[in-house]
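Trainee: Could you take me through the aromatic side chains in this one? I'd like a close look at how the rings pair up, and then whatever sits around them.

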Amino acid sequence: MIAELRARDPLLFWTGALMLLGLLVVTLLSISDQRLILGINPWIKPMKFLISITIFLWSIAWFMPETEPDGVRRELVRWTVTVAMVIEIALIGMQAARGTTSHFNAATPFDVAVFNIMGAAITVSSIAVVLFLWILRRDTPSQRAGYLWGVRIGVALFILASMLPGFLMVGNNGHSIPGPDGGAGLPFVNWSVEFGDLRTAHFFGMHALQALPVLGFLLDRTLGSDQPSDFVPTARNVVIAVGILWFVVTGALLGIALLGRPVMAL
C-alpha cells in the first residue's frame with residue numbers, strides 16, 4: 001500500500017510523510033509544554049492539522065491517476081496543494097510556539113497578517129481542488145463505477161465542506177456560535193459542548209473524500225455493476241444515494257451549529 005501510494009504521486013506522498021514526522025515532533029513537545037491556549041495545550045491544534053493534512057495529501061495522491069492525462073494541470077494541482085499545506089502548518093506551528101492562537105487572531109498586526117496568509121493559502125488550495133475535480137476522468141468503466149463516483153462526489157463534498165463553513169467562520173470571527181471560541185469541548189477535537197460549532201459540519205463533510213471512495217471500492221466487489229433484479233441496486237447508485245445523504249447530514253450539522261446548539265445536545 002505504501003509503495004503504491006508513493007508511486008502514484010511521490011511529491012504528495014513525501015510531503016505527507018514530512019507531516020507525520022512533524023506530528024511526532026509536536027507530540028513530544030506537547031508532553032513537556034505546560035502552557036494553555038484557550039484552555040488546551042498549544043500543540044493540540046498543530047497535531048490535529050498535521051493528521052488532517054496528511055490524510056488530505058495522501059488522498060489526493062491516491063486519486064491522482066484517476067485524472068485526465070494532462071501533465072500541466074496535474075502539476076498545478078499537486079504543487080499548489082503541497083505549497084499551501086506547508087505554509088498552513090508552518091504558520092500554525094509558529095503561532096503555537098509563540099503561545100498564541102493561529103486562527104481569528106487580531107491581537108497584533110503581525111497576527112492579522114499570519115491569519116490572512118493562512119486564509120489565502122487555504123483559498124488557493126481549495127481552488128486547486130476544484131481544478132482537480134475538473135480534471136478527474138470522464139469515462140466510467142462499469143466494473144469501477146462505484147469507486148469512481150465515490151471519488152467524484154467525495155471531492156465535490158470536500159470542496160463544499162471546506163469553503164462554506166470556512167467562510168462562515170471568517171464572517172463569525174470564530175467557529176463557536178453564539179459564544180466565544182474556547183471553553184469546554186470534546187476531547188482532542190475540542191468541539192464545543194456549550195455552543196454551536198461550525199467545525200462539526202466542516203469535519204464531517206470533508207471526510208467524504210475518504211469515505212465515499214472506500215465505500216464505492218467495496219461495493220464494486222460485492223454488488224458490482226450489473227443489476228440482477230429490480231431489488232438489488234448497483235454500486236454506483238448506492239454511492240450516489242449515500243453521497244446525497246452525506247450532503248444532507250453535513251447541511252444538518254451546519255444548521256445545528258448556526259442555531260447555536262452543540263452537536264452533543266442532539
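Mentor: Sure, and keep in mind that this is a predicted model. Searching the whole structure turns up 7 aromatic pairs. One of them is Phe 13 with Trp 58, a stacked pair with 5.6 Å centre to centre and 10° between the planes. That pair links distant parts of the chain: Phe 13 belongs to helix α2 and Trp 58 to helix α3, 45 residues apart. Both Phe 13 and Trp 58 are buried.

Another stacked pair is Phe 56 with Phe 158, at 5.1 Å centre to centre and 5° between the planes. Here too distant parts of the chain are linked, with Phe 56 in helix α3 and Phe 158 in helix α6, 102 residues apart. As for exposure, Phe 56 has a relative accessible area of 6%, so it counts as buried. Phe 158 comes out at 9% relative accessibility, so that ring is buried as well.

Back to Phe 13 and Trp 58 for a second: together with Trp 14 they make up one aromatic cluster.

Then there are the charges over rings. Arg 8 lies over the face of Trp 62, 3.8 Å from the ring centre. Arg 152 does likewise over Trp 149, at 4.9 Å from the ring centre.

Helices α3 and α6 come up again around α8. The buried residues of α8 are covered by elements that include α3, α6, α7 (199-206) and α9 (235-258). Among those buried residues are Leu 209, Leu 212, Pro 213, Gly 216 and Leu 219. The length of α8 checks out too: it has 13 residues (208-220), which at 1.5 Å a residue should span 18 Å, and its end C-alpha atoms are indeed 18 Å apart.

Last, some backbone spots in the loops next to these helices. Most residues other than glycine have a negative phi, and most peptide bonds are trans. Leu 38 has a positive phi, near 55°, and is found in the loop between α2 (10-32) and α3 (44-63). Its relative accessibility is 48%, so Leu 38 counts as partly exposed. Asn 173 also has a positive phi, near 60°, and its place is the loop between α6 (145-172) and β1. With a relative accessible area of 54%, Asn 173 is exposed. The peptide bond from Ile 177 to Pro 178 is cis, omega being near 0°, and Pro 178 is in the loop between β1 (176-177) and β2 (196-197).

Conventions: Residues numbered from 1 in each chain as written. Predicted model: local features only at pLDDT ≥ 70, side-chain atom pairs only at ≥ 80, totals over all residues. Heavy atoms only, no water. Helix = DSSP H or I, 4+ residues; strand = E, 2+ residues; numbered from the N terminus. Buried < 20%, exposed > 50% of the residue type's maximum accessible area, 1.4 Å probe, protein only. Expected span 1.5 Å × (residues − 1). Contact = heavy atoms within 4.5 Å. Phe/Tyr/Trp six-rings, centres within 6.5 Å; stacked < 30°, edge-to-face > 60°. Lys NZ or Arg CZ within 6 Å of the ring centre and 35° of its normal.
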